[in-house]
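Visitor: I have a model open and a few quick questions. Can you walk me through it?
Guide: Sure, go ahead.

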Amino acid sequence: MIETIFIFGIVWTALYCLIAIGFSLLFGVAQVLNLAHGMIIMSACYITFLFVTALNWSLGPSLIVGIIATVCLMLIIWLGFIKRLLTAPVTSLLLLTAGLANVIQQIVILTVGPHTKYVPSMITGSTTILSVTLSNQQILSIIVAFVLVGLLALFLQRTRMGRAIRAVTQDRNVAALSGINAEEMYLVTIIIAGLLAGVAGLLVAPIQTVTPEIGWEMMVTAFTVTILAGLGGPIWGIIVAAAIVAYAELITAFLVAPMLKEGAAFVIMILTLMFRPLGLFGKGRV
Amino acid sequence: MELLRKEFLSILIVGIISGGLAIMAPASDYNYYLIGLLTSACLWVIYVVCWDLLAGYTGMLNFGQLVFAGVAAYTVALLELHFKGARPLMILIGLLAGTCSSLLIGLPSLRVRAKYFALVSFAILLVFYRITMTFISIFGGDYGLSIPRVFSRETLYFTAIILMAITLISLRLVVKSRIGMALQSIREDEETARAVGINIRRYKLLACLISAFFTSLGGICGFYYMGHVGPEIFGMMGSFDVVIMGVIGGKGTIFGAALGGGVLSILLEFMRPVAEYRSLLYAILLVVVVMVASRGAWGSMATLFRKHPQKKEIEGDLT
Amino acid sequence: MRKGIRSGVSSVMIILVGVAFIWAASSEAASPIKIGVNSAWDFPGGQGVKRGAEMAIKDLNAAGGLLGRKVEGIFYDNKAASIEAKSATERLLYKDKVDVICGFWRSDLAIVAQPLVMEAKKILMIGGASTPVITYERIKQDYKTYKYTFTTTSNTYLTMIGMEQGIIESLKKGLSKIALLVEKAAWCDPLYDSWMEKYKDKIVYSARFSVTATDFSVEFSQAKAKGADILAFITTGRGGTPSVKQWYDMKIPAVYAGYNVDAQDPNFWQITEEKTQGVATTKIGGVAGIAITPKSIPYYNEYKKAYGEFPIAYTNGVAYDAVMAWAHGVKLAGTVKSDAVVKAMERKDFNYEGVCGLIEYFDEIHNPVGGGWGKGEPWGWVAQQWQNEKQVVYWPKKYKTGDFIIPDWVKKVTGK
């Protein structure tokens, strides 16, 4: 039993990490709470479905198209909408992104339909670790998740662009003095966030089921993990936060009742917002 | 009072509209469809106007306005199903419950900033949804709680009109009073408000309680009208519709919000033949309004008709 | 000259009046029969109701209409919200003035809308909603008001009998330890309570899970640890596909039987990457490509032609039969007037052959009976099991195409 919780906890940590990281990055860098993030991931799932299942393309090209399409979607949302309201009061952005999320969801329902869609696994088969059997797809997700987070951390720490982004995050005016163009850095961040959302969608789709409702559910997850990790904190804070949420859920299912499993995430979110709005690793004002 | 005199025109308008609505019942020969539609519209106006008190005036963007209505409705439903007797008492208890539930978002709002508040309100909504879906033996799960019809349609219709009128007038008086000014200054800049001695705590909580009180009235009326309350009242769709109506109608203007609530809920009915596009259209409208006409329909019209713009309108209205 | 003009004008006027009369009279007689349909289009179940009703209306018109009149369908989306269901229903009743209302996949909406239709003394044909409240409770308690309600969807007290067949078969084969995993939703509360009581000495683990859950690692491990060899899994939610995959991946040594909406999908074998060998669920046979009646297969193919996919949700079949059964009642009564049609539909020789089965008659709570399903049995529902890419029907006897099996890998582990 303990092994089951331990191993599956890793799986869900990885998945939650993937879902949250794009959102968290954008929030950290541009202070934008993109409520449409969950829907963007959902779109990635649907795009993958369209190409793989409906149009019968093979997996490789479909994945690439899926990621590119997601990045494009993200760019459209940024350039066409969010960017124009950056100087408006915060609530406008919340309303805007919530509205966009609904638009995306409705478009999906109207075009693809409300039925559950299925995306086949990228790798089949299963492996047993510590007497717990996982599907290879789940293991792939774990590997990709940690690799991505690692790459992102490296990018932000070691590359010039990464450092520029971090400078903009700290203080865009001071960064401007060093000749860093905040606009450009935001754009780069958006592209990265889009990439992360796309990959998240592709990996989550075979494991979850793809319906129009998962958009908001993933948004809640992304938000909980991000808030728990905290604004302005290090990247690996996301992993810790995702782990806390994942394990809290599994432990609740085991010790309390499977029904209340998802309640654990809510409880964490509310407690964090009320008692430690900065999150575990956050810096700055709330 | 002086305030009443100043607001005489608004009160008169509300009275006329209410009278007009009331007459429509016998005029249409008590057509059930029409009465149902208008009852529903009155309730939406109540919800949106109450939402506006929080969002437009106090700066608390509430994504879960219907929580208050839901708590009140479920309370009354439970009382109706399990106890016989004094209906007025049941309604009173329901009102109390609904009003107090505002503290669930009111108290956290004292600690966090605007954008987090919006998400807390959303979270509270989801929590209540979960609770009603989990404890099925008490709350009926997705079937909800039903009672046979208690009040006639006409009674509920006139009640809804009266409630709407009372809510509109009360809230108008509130926002034009000192309370309203205090709330607006909180919205503009909390720090400054605190500096000039405004008790943020008291006013925020007051706004929550007032908003919840009238919303609860609407919720209870809605419950008797439907004969049913279900977890969907804690669903995203309903509360988000309130937000859409408020923003499109005009945040920060009681009548704008009322306009949004009334017009959009009736428009919903006209759109029934193309109902599948309704949600999409409303969401697009929301995006458009937020991007372009941030003061909503009412605000934009007001700006258009103002002959001598006194001050440059600051975006700050929207906070 | 003037006289000529005058008589000319009068003749024209007489002709015009005559034409107007004839036109009015013929429009009266030719005014269409209106069927109002209300369901939630954003969901597969609700979309199924709409499509089934659409196809029925199309077929009625293709056969020359009903009582010589064209049939017109008025469709409204209720977005799975009770307030929309109420206003849509009132609109159908009082604005569009329909002759009958068909619909409601969502049980809570049926509960809310039913009194409205009854108040207007119009017939309500339920296609999809299975709550016992609308038939079992209300018709019994107040026949006079609720007699206008008929359903082609058996209520949950009956459908759970179908879901139980997998357990019964497994017990027959010598398996004996049940893990009862039922989603947390109002419709299956009676099922959970009933089975907990009935099998109380065989149940080793039981749990309720959320309809949105997609991970069952904890529940499955517990079941395995307690030695369960029958996994009674009941879900209409998100966990349908993930649970089967996880059951297979985790090699839980138990037969997976119960109710799984995803498993009804004809493509489920591919969707689960062939992990679904041995999974048993129930389905409305008529829309599963099984020749329950001579109309079933043609309907199956017509549906694919019309919508580009084979039927997935069961609601389209029962909605189709709901409309057609009502039409049959109208033909028997010779009018659309509700009281007469109710009398016609209560006839013991009703004998309407639908897509989902033969309705020999409607019982006293207006549930359908006949054609392989007796009274007290879930009309239309077959219990099927996935065996080697095919959905094999093992219950009821009349439509059986094969025996219930225990999948090989489970056999190996349990030694049965």
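**Interface and core**

Visitor: How many residues do chain B and chain A each put into their contact?
Guide: Chain B puts in 35 residues and chain A 41. Bear in mind that this is a predicted model.

Visitor: What area do chain B and chain A bury between them?
Guide: About 3,600 Å², with 79% of it on carbon and sulfur atoms.

Visitor: Which three residues of chain B supply the most of its buried area against chain A?
Guide: B:K115, B:Y116 and B:M291. Together they supply 19% of what chain B buries there.

Visitor: How many salt bridges cross the interface of chain B and chain A?
Guide: Zero by the rule. The count of residue pairs in polar contact, both at pLDDT 80 or more, is zero too.

Visitor: Which helix gives the largest share of chain B's side?
Guide: α7(B), with eleven residues. Helices α7 (114-134), α13 (236-249) and α15 (278-291) of chain B each supply at least two.

Visitor: New topic, the core. How many residues are in the largest nonpolar core?
Guide: It has 345 residues. C:M125, C:W247 and C:W326 have the most contacts inside it. Helix α1 (residues 2-30) of chain A gives the most to this core, 19 residues.

Visitor: Why does the core lie between domain 1 and domain 2 of chain C?
Guide: Because both domain 1 (31-153 + 314-359) and domain 2 (158-291 + 381-414) give residues to this core.

Visitor: Back to C:W247. What does it touch, leaving out residues up to four places away in sequence?
Guide: Among them are C:F220, C:L231, C:Y256, C:K275, C:P407 and C:W409.

Notes: Residues numbered from 1 in each chain as written. Chains lettered and ligands numbered in written order. Predicted model: local features only at pLDDT ≥ 70, side-chain atom pairs only at ≥ 80, totals over all residues. Heavy atoms only, no water. Core = buried A, V, L, I, M, F, W, Y, C linked by side-chain atoms within 4.5 Å. Buried < 20%, exposed > 50% of the residue type's maximum accessible area, 1.4 Å probe, protein only. Helix = DSSP H or I, 4+ residues; strand = E, 2+ residues; numbered from the N terminus. Domains from an automatic or database assignment. Contact = heavy atoms within 4.5 Å. Buried area = accessible area lost by both parts, 1.4 Å probe. Salt bridge = Lys/Arg side-chain N within 4 Å of Asp/Glu carboxyl O. Polar contact = N/O pair within 3.5 Å; in protein donor to acceptor, adjacent residues only side chain to side chain.
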